[in-house]
Protein chains: 2
Amino acid sequence: MARPSVREQIVDAAFEQFHLNGYNACGVKLVTDTAGVPKGSFYNHFASKEALALEVLERYAASRGMEALAEDDTPPLARLRGHFEFLAAEAAHFGYARGCVFGNFTTEAADHSAPIADGVRSGFATWTRAVAALLREARTDGSLPAHHDPDVLALFVVNAWEGAVVGARAAKDGSSFTAFFRVVFDSVLA
Amino acid sequence: MARPSVREQIVDAAFEQFHLNGYNACGVKLVTDTAGVPKGSFYNHFASKEALALEVLERYAASRGMEALAEDDTPPLARLRGHFEFLAAEAAHFGYARGCVFGNFTTEAADHSAPIADGVRSGFATWTRAVAALLREARTDGSLPAHHDPDVLALFVVNAWEGAVVGARAAKDGSSFTAFFRVVFDSVLA
């Protein structure tokens with residue numbers, strides 16, 4: 001296997017460190033130290049820490065398992081449950097720490113950085129659209145009652161998930177996820 | 001009116017600056033500069049920035065209008081709606097920036113500071129208990145169907161609100177709150 005480029009090593013390290021410590025608590029030096037590359041090499045590859053944050057956001061979005069939401073042989077609401085079970089297992093794996101990078105960057109940087117604000121808005125919008133498409137499919141096949149508005153419901157469900165991540169992180173247990181699955185799948189979507 | 005003490009000036013400034021800029025982006029110097037007091041005076045009043053954060057959390061909790069959730073002549077679910085309308089109006093007033101201090105401190109500090117983790121856990125727990133008591137009242141008077149578990153539902157609703165705050169902050173509009181009110185009051189609690 002080819003050795004990862006310095007650029008890749010920096011993105012790998014930032015992906016880990018921004019998630020672990022937060023964007024504002026993690027400087028370029030911590031990223032380059034973690035990557036094992038000289039601090040001076042950073043600006044050969046990135047114009048700013050903000051530019052690196054956008055790459056981390058893109059990579060994080062690609063790791064959310066959103067492709068599992070797309071139409072296949074599994075019934076839509078089972079696919080939606082599987083998607084959130086995947087995310088809940090990841091949160092448990094990290095001891096309910098770290099949170100969601102979309103939510104973290106929104107909290108830490110979206111009020112102060114226009115590019116990061118665009119990045120999180122676009123990340124949430126892509127995710128919400130994928131959930132809405134799935135809910136539209138569920139409404140068509142009759143598994144979701146016809147009175148629901150798929151766009152409103154998708155926005156609500158994605159936000160409720162983000163809030164459950166915050167609740168789990170505060171309590172350091174999975175009770176917020178348990179409440180999410182019970183209320184969303186037994187009540188909201190039933 | 002008596003002049004506010006240096007201690008109060010510091011708490012006032014931190015309340016504003018932590019909310020505006022975040023906990024990690026805001027150092028002791030920014031707080032004392034905002035307060036108009038010498039940086040050296042800080043440690044006469046607080047052992048650490050973390051100790052100040054706990055005071056800010058307490059003051060924030062006291063400003064959440066939680067007393068409006070307690071039993072009175074208004075029907076319980078109308079009181080719950082009024083509570084979240086109060087919070088939504090505040091978020092709109094701040095242009096959907098700043099977020100919720102409970103959620104912000106959870107995101108920025110709960111993985112790294114045991115006292116702040118205790119503070120946010122306790123803040124969320126107090127709020128969730130107040131919502132659960134209201135939902136229990138609603139179940140007793142028949143306005144909430146009997147099959148609901150008030151504790152699970154309260155945790156879900158508080159988290160869904162936190163997530164809506166994140167969604168509003170990312171989008172810089174109120175659509176996440178609109179979705180929250182529609183789904184929670186017309187579907188979850190109906």
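Visitor: What makes a residue pair between chain B and chain A count as a polar contact, and how many such pairs are there?
Guide: A polar contact is a pair of N or O atoms within 3.5 Å; within protein, one must be able to donate a hydrogen and the other to accept it, and residues adjacent in sequence count only if both atoms are side-chain atoms. Between chain B and chain A, 12 residue pairs (both at pLDDT 80 or more) are in polar contact. This is a predicted model: local features need pLDDT of at least 70 and side-chain atom pairs pLDDT 80 or more, while totals for chains, interfaces and linings use all residues. Side-chain values use heavy atoms, without hydrogens and water, residues are numbered from 1 along each chain as written, and chains are lettered from A and ligands numbered from 1 in the order written.

Visitor: Why is the pair D111(B) and K172(A) called a salt bridge?
Guide: The term requires a side-chain nitrogen of Lys or Arg within 4 Å of a carboxyl oxygen of Asp or Glu. The closest N and O atoms of D111(B) and K172(A) are 2.7 Å apart, so the pair meets the rule. Across the interface, the rule finds four salt bridges.

Visitor: What makes up the buried area of chain B and chain A?
Guide: Buried area is the accessible area (1.4 Å probe) that two parts lose on being put together, summed over both. Here the two chains bury about 3400 Å², with 63% of it on carbon and sulfur atoms. T107(B), D111(B) and F156(B) supply 18% of the area that chain B buries against chain A, more than any other three residues.
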